Amino acid sequence: PAVEGEGESEGESGGEDEPGVRAQPDQDRSHSTIMEGKSCLLKKLEISVSEAEKRTGKNAMNMQEIYTVYLIETRPIDSQSEDENSVPDSLWRRYSEFELLRNYLVIGYPCVVVPPLPEKRAEFVWHKLSADNMDPDFVERRRIGLENFLLRVASHSILSLDTILYLFLTQENGWKEAVNDSGFQAKADSRLKALNATFRVKNPEKRFVELKHYGDELQSVISQLLRVRARVADRLYGVYKVHGNYGRVFSEWSAIEKEMGDGLQSAGHHMDVYAASIDDILEEEEHYADQLKEYLFFAEALRSVCRKHELQQYDLEMAALDLTSKKQQKEELVTGTVRTFSLKGMTSKLFGQETAEQREAKLKQLEEQIVDGEELVKAKNLECEDFVTNAWTDIERFKEQKNKDLKEALISYAVMQISMCKKVSGLFTFSQIKEDTVICRVKADEKPTRPFQQTS
């Protein structure tokens with residue numbers, strides 16, 4: 001999809017070095033299109049989602065609503081190197097506008113694993129986190145997710161060259177009209193058609209069948225991991241906070257003990273610090289949970305590519321089946337024999353055979369339909385081959401990205417856990433406990449109570 005009249009002029013004047021000059025994701029492109037775009041948009045433009053803001057306005061039903069908008073800032077990298085104090089261009093976007101952009105990319109680039117958006121409403125939350133989509137912490141995590149989405153799209157060798165994406169980043173008004181003018185909605189496949197293709201396709205590419213199963217398993221595994229993590233967070237939070245009760249008890253106890261007061265007060269302080277440390281731990285854990293959620297949603301992006309392959313393969317099989325039927329009809333017409341039961345055979349027996357002129361006209365019509373059918377099958381076959389080649393190229397890119405991202409996330413999570421354990425264990429060092437114990441014993445030996453001595 002290209003902005004009418006805009007993509008051609010930009011392509012002629014700017015060439016490949018200008019951002020947003022190519023907007024031709026149609027599937028009839030050759031394989032060379034996939035390999036173009038060596039210089040992505042992110043190398044020319046600095047992109048960030050810097051802040052979020054709540055606003056009030058009227059929706060399509062003319063009813064008052066509260067919504068969140070996000071500030072997108074862009075700055076050309078060349079101008080940034082020349083003038084470090086240059087003011088970036090900025091505009092506000094709603095989450096629904098991000099959704100529209102992604103839907104356009106999914107439909108316009110069916111062979112690309114389009115990066116997912118962050119969750120619209122909080123999922124896999126533990127009790128301390130709010131499920132409200134207006135909660136400040138949730139809005140902040142979503143802001144980070146939206147920025148990550150834009151960075152992934154802008155770094156993609158194909159998606160980053162799209163004109164609509166460039167308008168989304170740089171033009172406050174008019175970009176929605178450009179999306180609608182592209183006609184992307186007319187290209188969207190119905191869910192019923194996709195479901196029909198899933199169950200009726202006979203010879204799908206084996207690699208895509210395996211990829212679809214992998215996407216299902218990946219989603220299942222990450223979902224289970226996030227559920228377990230939420231339960232562990234709930235229990236861990238309770239265990240840590242219970243130590244706050246110890247802190248309160250030790251502090252009260254220290255008030256009535258003269259000799260052991262300092263030691264008890266110190267122990268109470270350590271317990272309070274230990275109880276409070278869980279907030280930072282779980283807050284940092286939430287960052288890694290969001291990284292896992294991104295790949296939970298990536299699984300749906302993989303399935304989207306597989307569904308498109310099934311649709312194309314199903315169209316090819318239907319075209320081939322129709323061509324076979326036409327050839328059989330021609331053979332029956334030429335030989336005068338009917339191999340299978342049909343309404344045509346019944347009418348011939350009831351009302352007599354067709355005249356020679358009628359048979360000649362039908363034969364000519366069938367020959368034309370067979371020629372058209374052969375051309376259609378050939379075109380569908382080439383379309384499927386191009387899709388498989390282009391899609392698998394992007395899937396291999398996604399696999400490399402996934403392995404790198406998940407490896408870094410899990411290693412960072414392990415390092416964070418080790419760091420937090422060291423930090424917490426540092427609160428209860430053996431030397432500190434020994435020192436507090438010695439102080440209590442010394443004070444008890446210096447000022448023994450008289451009743452205690454008499455009893456001894």
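Accessible area here comes from the Shrake-Rupley method with a 1.4 Å probe. Keep that in mind as you look at the whole chain, which exposes about 26800 Å², with carbon and sulfur atoms supplying 53% of it. You're looking at a predicted model, by the way.

**Stop 1: the whole chain**

Switch on the cartoon view. You should find 14 helices and three strands in the chain. Of its 456 residues, 38% count as buried. If you show contacts between residues with a separation of 6 or more, 76% of them come from residues 24 or more positions apart.

**Stop 2: a residue in strand E2**

Now select residues 64–76, which make up strand E2, and pick out Thr 68 within that strand. Is Thr 68 buried or exposed? Its relative accessible area is 7%, so Thr 68 is buried; the cut-off for that word is under 20%.

What's around Thr 68? Leave aside its neighbours within four places in sequence, and Thr 68 is in contact with Ala 52, Glu 53, Lys 54, Arg 94, Tyr 95, Met 134 and Val 139. Take Lys 54 from that list: Lys 54 and Thr 68 are 14 residues apart in sequence, yet 4.5 Å apart in space, C-alpha to C-alpha. Hold on to Tyr 95 too, since that residue turns up again at the next stop, in helix H4.

**Stop 3: H4 against H5**

Select residues 95–108 for helix H4 and residues 136–154 for helix H5. H4 and H5 pack at an angle of about 30°, with their axes 12 Å apart. Angles under 35 degrees count as roughly parallel, and H4 and H5 are therefore roughly parallel to each other. Their crossing is left-handed.

Turn on side chains here. From H4, Tyr 95, Phe 98, Leu 101, Arg 102 and Leu 105 meet Arg 142, Leu 146, Phe 149, Leu 150 and Val 153 of H5. Sorted by class, this contact has eight nonpolar, no polar and two charged residues.

**Stop 4: H5 against H10**

Keep H5 on screen and add helix H10, residues 261–335. H5 and H10 pack at about 50°, with axes 11 Å apart. That makes H5 oblique to H10. The crossing of H5 and H10 is right-handed.

Which residues of H5 meet H10? Look for Arg 141, Asn 148 and Arg 152, which meet Glu 286, Asp 290, Glu 294, Tyr 295 and Phe 298 in H10. The contact of H5 with H10 has two nonpolar, one polar and five charged residues.

**Stop 5: H9 against H10**

Leave H10 showing and select residues 206–254, helix H9. How do H9 and H10 lie, roughly parallel or roughly antiparallel? H9 and H10 pack at an angle of about 170°, with their axes 8 Å apart. Angles over 145 degrees count as roughly antiparallel, so H9 and H10 are roughly antiparallel to each other. Their contact divides into 31 nonpolar, 13 polar and 12 charged residues.

**Stop 6: Trp 253**

For the last stop, zoom in on Trp 253, found in H9. Trp 253 is partly exposed, with a relative accessible area of 36%. Not counting residues up to four places away in sequence, Trp 253 touches Met 260 and Leu 264. Try a distance label between the C-alpha atoms of Trp 253 and Gly 268: these residues are 15 apart along the chain, and the atoms are separated by 9.3 Å.

Conventions
Residues are numbered from 1 along each chain as its sequence is written. This is a predicted model: local features need pLDDT of at least 70, side-chain atom pairs count only at pLDDT 80 or more; totals for chains, interfaces and linings use all residues. Side-chain values use heavy atoms; hydrogens and water are left out. Axes are lines fitted to C-alpha atoms, for helices over the stretch in contact, and angles run from 0 to 180 degrees between N-to-C directions. Helices (H or I, at least four residues) and strands (E, at least two) are DSSP runs, numbered from the N terminus. Angles under 35 degrees count as roughly parallel, over 145 as roughly antiparallel, 65 to 115 as roughly perpendicular and the rest as oblique. A crossing is left-handed if the near helix is turned anticlockwise from the far one by less than a right angle, and right-handed if clockwise. Contact means heavy atoms within 4.5 Å. Ala, Val, Leu, Ile, Met, Phe, Trp, Tyr, Cys and Pro count as nonpolar, Asp, Glu, Lys and Arg as charged, and the others, Gly among them, as polar. Buried means under 20% relative accessible area, exposed over 50%, partly exposed in between (1.4 Å probe, protein chains only).
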